[in-house]
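Trainee: Could we go through this one together, with the structure open in front of us?
Mentor: Gladly; ask away, and we will reason through each answer.

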Amino acid sequence: MTHQDAFPKSQDRCREVRHAIRAVAEVEPRAQNALGAAHDAAITTQWEHHNLILGVKDQVIAQYGADSDEVASLGLKKKSERKAPARSSKASK
């Protein structure tokens, strides 16, 4: 009697596990590709949103002016609130 005859349940279980490993090996690359596609779609959507918000800010400035309360309501500084550039003095040696 061989060990294969002595452990028939172990052989069946081994076949089942090998079959499961093959099945997972076939599914995993498809899942990784789907994840990559979902990630790319999310990044694209985030860029579209970002560009839309930049366009809104530009449109508000164009429509109401750079020194308007509407610009401030977007969280931007009014033109009059910005400091004028200070002259830099040359340090004497």
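**Salt bridges, surface and a buried lysine**

Mentor: Let me start us off: in this predicted model, the side chains of Arg-13 and Glu-16 meet in a salt bridge, with 3.2 Å from N to O.

Trainee: Thanks! How far apart are Arg-13 and Glu-16 in terms of helical turns?
Mentor: Both residues belong to helix H2. They sit three residues apart there, so the separation between Arg-13 and Glu-16 is about one helical turn.

Trainee: Is Glu-16 buried, partly exposed or exposed?
Mentor: Buried requires under 20% relative accessible area and exposed requires over 50%. Glu-16 has a relative accessibility of 46%, so it counts as partly exposed.

Trainee: Which residue meets Arg-15 in a salt bridge?
Mentor: Look in helix H2, where the partner lies three residues from Arg-15, about one turn of the helix. The N to O distance of this pair is 2.8 Å. Arg-15 is partly exposed because its relative accessibility is 44%. The partner is likewise partly exposed, at 39%, and its name is Asp-12.

Trainee: How many salt bridges does a search of the whole structure find?
Mentor: Two have come up already: Arg-13 with Glu-16, and Arg-15 with Asp-12. Asp-69 also forms one, with Lys-78. The search of the whole structure gives a total of three.

Trainee: How far apart are the closest N and O atoms of Asp-69 and Lys-78?
Mentor: Side chains of opposite charge can pair when their charged atoms come close. For a salt bridge, the nitrogen must be within 4 Å of a carboxyl oxygen. Asp-69 and Lys-78 meet that cut-off, with their closest N and O atoms at 2.5 Å.

Trainee: Are Asp-69 and Lys-78 buried or exposed?
Mentor: Take Asp-69 to begin with: its relative accessible area is 55%, so it is exposed. Lys-78 has a relative accessible area of 16%, so this residue is buried.

Trainee: Which residues is Lys-78 in contact with, leaving aside its neighbours within four places in sequence?
Mentor: Lys-78 lies in the segment after helix H3, which covers 69-73. Its salt-bridge partner Asp-69 is among the contacts. The full set is Ala-66, Asp-67, Ser-68, Asp-69 and Ala-72.

Trainee: What percentage of the chain do buried residues make up?
Mentor: Lys-78 is one of the buried residues, because its relative accessible area is 16%, where the cut-off is under 20%. Among the 93 residues in the chain, the buried share is 4%.

Trainee: In what order do the elements of the chain run?
Mentor: The secondary structure comes to three helices and zero strands. From the N terminus on, the order is therefore α-α-α.

Trainee: Which residues form the nonpolar patch on the surface?
Mentor: One member is in helix H2, residues 8-64, and counts as exposed because its relative accessibility is 54%. Together the members have about 240 Å² of accessible area. They are Leu-52, Val-56 and Leu-74.

Trainee: One more: how far apart in space are Gly-75 and Lys-57, C-alpha to C-alpha?
Mentor: Gly-75 lies in the segment after H3, and it is exposed because its relative accessible area is 65%. In sequence, Gly-75 and Lys-57 are 18 residues apart. In space, the C-alpha to C-alpha distance is 9.7 Å.

Methods: Residues are numbered from 1 along each chain as its sequence is written. This is a predicted model: local features need pLDDT of at least 70, side-chain atom pairs count only at pLDDT 80 or more; totals for chains, interfaces and linings use all residues. Side-chain values use heavy atoms; hydrogens and water are left out. Helices (H or I, at least four residues) and strands (E, at least two) are DSSP runs, numbered from the N terminus. Buried means under 20% relative accessible area, exposed over 50%, partly exposed in between (1.4 Å probe, protein chains only). Contact means heavy atoms within 4.5 Å. Patches are made of residues with over 30% relative accessible area and no salt bridge: like charges are joined within 9 Å, nonpolar side chains (Val, Leu, Ile, Met, Phe, Trp, Tyr) within 5 Å. Accessible areas come from the Shrake-Rupley method with a 1.4 Å probe; for residues, only the protein chains shown count as cover.
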